[in-house]
Amino acid sequence: MANKLVYTGKTKDVFALDNGNYLLKFKDDCTGKDGKFDPGENSVGLTIEGVGDVNLRMSIYFFEKVNAAGIKTHYVNADLANTTMEVLPAKVFGKGLEVICRHKAVGSFFRRYSDYIEEGADLPAYVETTFKDDAKGDPLVTKDGLIDLGVMSAEQYDDIKAMTQKITKIVADDLKEKGLVLYDIKFEFGYDADGKVMLIDEIASGNMRVYKNGEYIDPMTLSELFFA
């Protein structure tokens, strides 16, 4: 029986499997503008041959590490030959939520709080959440906001924050061994039928800001360095 397409995304398509799980098909499309890659952009701007493959490779690598650390994820297995990943079913929070963990004051964080902190200053695994809403520029939302809007419970928020910090440490420590410094990283979480939080989507170079010797490393170069 053919897998049923249930969602066409910017960088991945989602298919329903007969066993109740889902299949993510990684594409070579990237978000960007005017032919330049930008993980923060909301539309597909270019196609880079092989980017789906390296995003899947990095996701497999980190999902297996995170699972081994006893942190719940949606990852089941993957097929590199077909650039696909089998995942457990999960509901997203609200209409989609992004969770960012920051080790350095850069990007939108610095733009917001530049009166109070120097650019590039260290942050103690600072966690923030934003709604996925292109039209509204992915607005920030606080813990109280998420609870009062009925998006999640206080316990779910606390789990997300703790899991985010643990996963970020796993990624940062791994990159550090390769002489790379993680500035910030973006995750997505969902929950199962029992309301238990799990990491979903991917853990790929396009979702993290990484530097080497003070220089920003673009995602494709990062993937090449990572698997060198």
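Which residues form a nonpolar patch on the surface?

1. The patch in question consists of Val 6, Tyr 7 and Tyr 22, which together present about 290 Å² of accessible area. Tyr 22 has its place in strand S3, which covers residues 22–26, and with a relative accessible area of 30% Tyr 22 is partly exposed. As with everything in this note, the patch is read from a predicted model.

2. On the overall dimensions, the protein chain has a radius of gyration of 17 Å, which agrees with the value near 17 Å that a compact globule of 228 residues would have. Taken along the principal axes, the C-alpha atoms fill a box of roughly 60 × 45 × 35 Å. The accessible surface of the protein chain comes to about 11900 Å², and carbon and sulfur atoms contribute 49% of that surface.

3. On the make-up of the fold, the protein chain holds five helices and 16 strands. Buried residues account for 44% of the 228 residues. Among the contacts with a separation of 6 or more, 53% are made by residues that lie 24 or more positions apart.

4. One open sheet deserves a separate comment: it is built from three strands in the order S5-S4-S6, and the pairing is antiparallel. Strand S5 (36–37) and strand S6 (44–47) stand at the edges with a single partner strand each, so one side of each is left without a neighbour in the sheet. Strand S4, residues 29–33, pairs with S5 in the antiparallel sense over two bridges.

5. Lys 33 is a convenient residue from which to inspect this sheet. Lys 33 is found in strand S4, and its bridge partner in S5 is Lys 36. With a relative accessibility of 52%, Lys 33 counts as exposed, the cut-off for that class being over 50%. Between Lys 33 and Leu 46 the C-alpha to C-alpha distance is 7.7 Å, although 13 residues separate the two in sequence.

6. What surrounds strand S10? Seven of the eight residues of S10 are buried, so this strand is largely enclosed by the rest of the structure. S10 pairs in the antiparallel sense with strand S11 (residues 122–131) over seven bridges, and within that pairing Arg 102 stands opposite Tyr 126 in S11. S10 also pairs in the antiparallel sense with S13, here over five bridges, and the bridge partner of Val 99 in S13 is Phe 187.

7. The S10 and S13 strands are also joined through side chains, since Glu 98 forms a salt bridge with Lys 186 in which the closest N and O atoms are 3.9 Å apart. Glu 98 lies in strand S10 (residues 97–104) and Lys 186 in strand S13 (residues 181–191), so the pair ties together parts that are 88 residues apart in sequence. A reviewer may wish to keep in mind that salt bridges are counted within 4 Å. Glu 98, at 11% relative accessibility, counts as buried, whereas Lys 186, at 21%, counts as partly exposed.

8. How many salt bridges does a search of the whole structure find? The search finds 17. One of the salt bridges brings together the side chains of Lys 12 and Asp 201, at 3.0 Å from N to O. Lys 12 lies in strand S2 (residues 12–16) and Asp 201 in the loop between strand S14 (197–200) and strand S15 (208–212), so this pair ties together parts that are 189 residues apart in sequence. Lys 12 and Asp 201 are both buried.

9. Strand S2 takes part in a further salt bridge, between Lys 27 and Asp 13, whose closest N and O atoms are 3.0 Å apart. Because Lys 27 lies in the loop between S3 and S4 and Asp 13 in strand S2, the pair ties together parts that are 14 residues apart in sequence. Asp 13, with a relative accessibility of 15%, counts as buried.

10. Finally, there is a network of salt bridges that links Arg 102, Arg 112, Glu 128, Asp 184 and Arg 209. Arg 102 therefore deserves attention on two counts, as a member of this network and as the residue opposite Tyr 126 in S11.

Note on methods
Residues numbered from 1 in each chain as written. Predicted model: local features only at pLDDT ≥ 70, side-chain atom pairs only at ≥ 80, totals over all residues. Heavy atoms only, no water. Pairing = 2+ DSSP bridges. Helix = DSSP H or I, 4+ residues; strand = E, 2+ residues; numbered from the N terminus. Patch = residues over 30% accessible without salt bridge, like charges linked within 9 Å, V, L, I, M, F, W, Y side chains within 5 Å. Areas by Shrake-Rupley, 256 points an atom, 1.4 Å probe, with all protein chains shown as cover. Buried < 20%, exposed > 50% of the residue type's maximum accessible area, 1.4 Å probe, protein only. Rg over C-alpha atoms; globule rule 2.2 N^0.38 Å. Contact = heavy atoms within 4.5 Å.
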